[in-house]
Amino acid sequence: MVLEKYKQKRNFSTTPEPAGDETLARARARKAKGTKGRFFCVQKHLASHLHYDLRLEHNGVLLSWAVPKGPSLDPATKRLAMAVEDHPIEYGTFEGVIPSGYGAGIVILWDRGTWTPEVDDVDAALEKGDLKVTLDGYKLKGSWVLVRTKGRWAGGGDRSWLLIKHRDEWAGDLDITEFAPLSVKSGEDIDDILARGARGARGAKGAKGARGAVKKATKRKSS
Ligand code: MN
């Protein structure tokens, strides 16, 4: 079933995240066949640890990897990317406070744009564990590769990949997560979302949960 794992992990009566429309996913998959520009985004997510979620549209859903240190523009710096469950296409605009449960914390839309596979068969590339992509976002551009690793990173099983920038005009030693920390949607950083969540924009119950998430996240940030 499309998005099964995504739905299993979440309680949509408490999380503001999109529920994941299977009909939309199927329609999107049909429409996307043969088109070049596919949606991609990176969400900056302060949960139990700060990380960056890379999401690439494929077959109507967003293939997803959690990148603990975020992307690096330096081809010599390989960044661990843990494969996680497919996310719904609607997730691509989401930012806000997840008050409790799976992924509790704060999400901002750190980058978005389109991506193009550098191979003909994306499914075969995923199976092989070597997916070369061109990104055209606000912050991330040019050629990148996701390579599945074996053994080197303990505990990851076949979920461990590396995200590596290819050498091109968009490569360099600029620390992009430091240089461009803000949301491309709202212009805010995680701290701003925290403050808004704490004011209780989603009513008393949401505000209470948000305050809990804020407290925990702030503690983690300062520790
Ligand atoms: Mn995440």
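**Exercises on strand pairing, exposure and the nonpolar core**

In strand β9, the bridge partner of V147 is L162. The exercises below concern a predicted model.

**Exercise 1. Determine how β8 is connected to the strands that pair with it, β7 and β9.**

Solution.
- Step 1. Begin with β8 and β9: these strands run antiparallel and are joined by 5 bridges. The pair V147 and L162 belongs here, with L162 in β9.
- Step 2. Turn to the other partner. Strand β7 (residues 130–137) and strand β8 (residues 141–148) are also antiparallel, and 7 bridges join them. Within this pairing, L131 has L146 of β8 as its bridge partner.
- Step 3. Examine the connection along the chain: β7 passes into β8 through a hairpin of 3 residues.

**Exercise 2. Classify E169 as buried or exposed, and state where it lies.**

Solution.
- Step 1. Locate the residue. E169 is in the loop that runs between β9 (160–165) and α4 (176–179).
- Step 2. Count its neighbours: E169 has 8 C-beta neighbours inside 10 Å.
- Step 3. Apply the cut-off. A residue with 12 or fewer such neighbours is exposed; E169 therefore counts as exposed.
- Step 4. Relate the loop to the rest of the chain. K141 is 28 residues from E169 in sequence, and their C-alpha atoms are 9.1 Å apart.

**Exercise 3. Classify G92 by the same procedure, and list the residues that it touches.**

Solution.
- Step 1. G92 is placed in the loop between β4 (79–88) and β5 (96–98).
- Step 2. Within 10 Å of G92 there are 17 other C-beta atoms. Burial requires 20 or more, and exposure 12 or fewer, so G92 is partly exposed.
- Step 3. When residues up to four places away in sequence are not counted, G92 touches F39, C41, R55, L62 and R112.
- Step 4. For a C-alpha distance, take D111: it is 19 residues from G92 along the chain and separated from it by 9.8 Å.

**Exercise 4. Describe the largest nonpolar core and the contacts of A81.**

Solution.
- Step 1. The largest nonpolar core contains 38 residues, and L54, L56, W65, A81, I106 and L163 have the most contacts inside it.
- Step 2. Strand β6 (residues 105–117) supplies the largest share of this core, namely 6 residues.
- Step 3. Beyond its neighbours within four places in sequence, A81 is in contact with L54, W65, V67, L146, W161, L162 and L163. Among these, L162 is the partner of V147 and L146 is the partner of L131.

**Exercise 5. Place these details in the whole protein.**

Solution.
- Step 1. The protein has 6 helices and 9 strands.
- Step 2. Of its 223 residues, 33% count as buried.
- Step 3. Among contacts with a separation of 6 or more, 60% link residues 24 or more positions apart.

Methods. Residues are numbered from 1 along each chain as its sequence is written. This is a predicted model: local features need pLDDT of at least 70, side-chain atom pairs count only at pLDDT 80 or more; totals for chains, interfaces and linings use all residues. Helices (H or I, at least four residues) and strands (E, at least two) are DSSP runs, numbered from the N terminus. Two residues are in contact if their C-beta atoms, placed from the backbone, lie within 7 Å. Two strands pair if DSSP finds at least two bridges between them. A nonpolar core is a set of buried Ala, Val, Leu, Ile, Met, Phe, Trp, Tyr and Cys residues joined through C-beta atoms within 7 Å.
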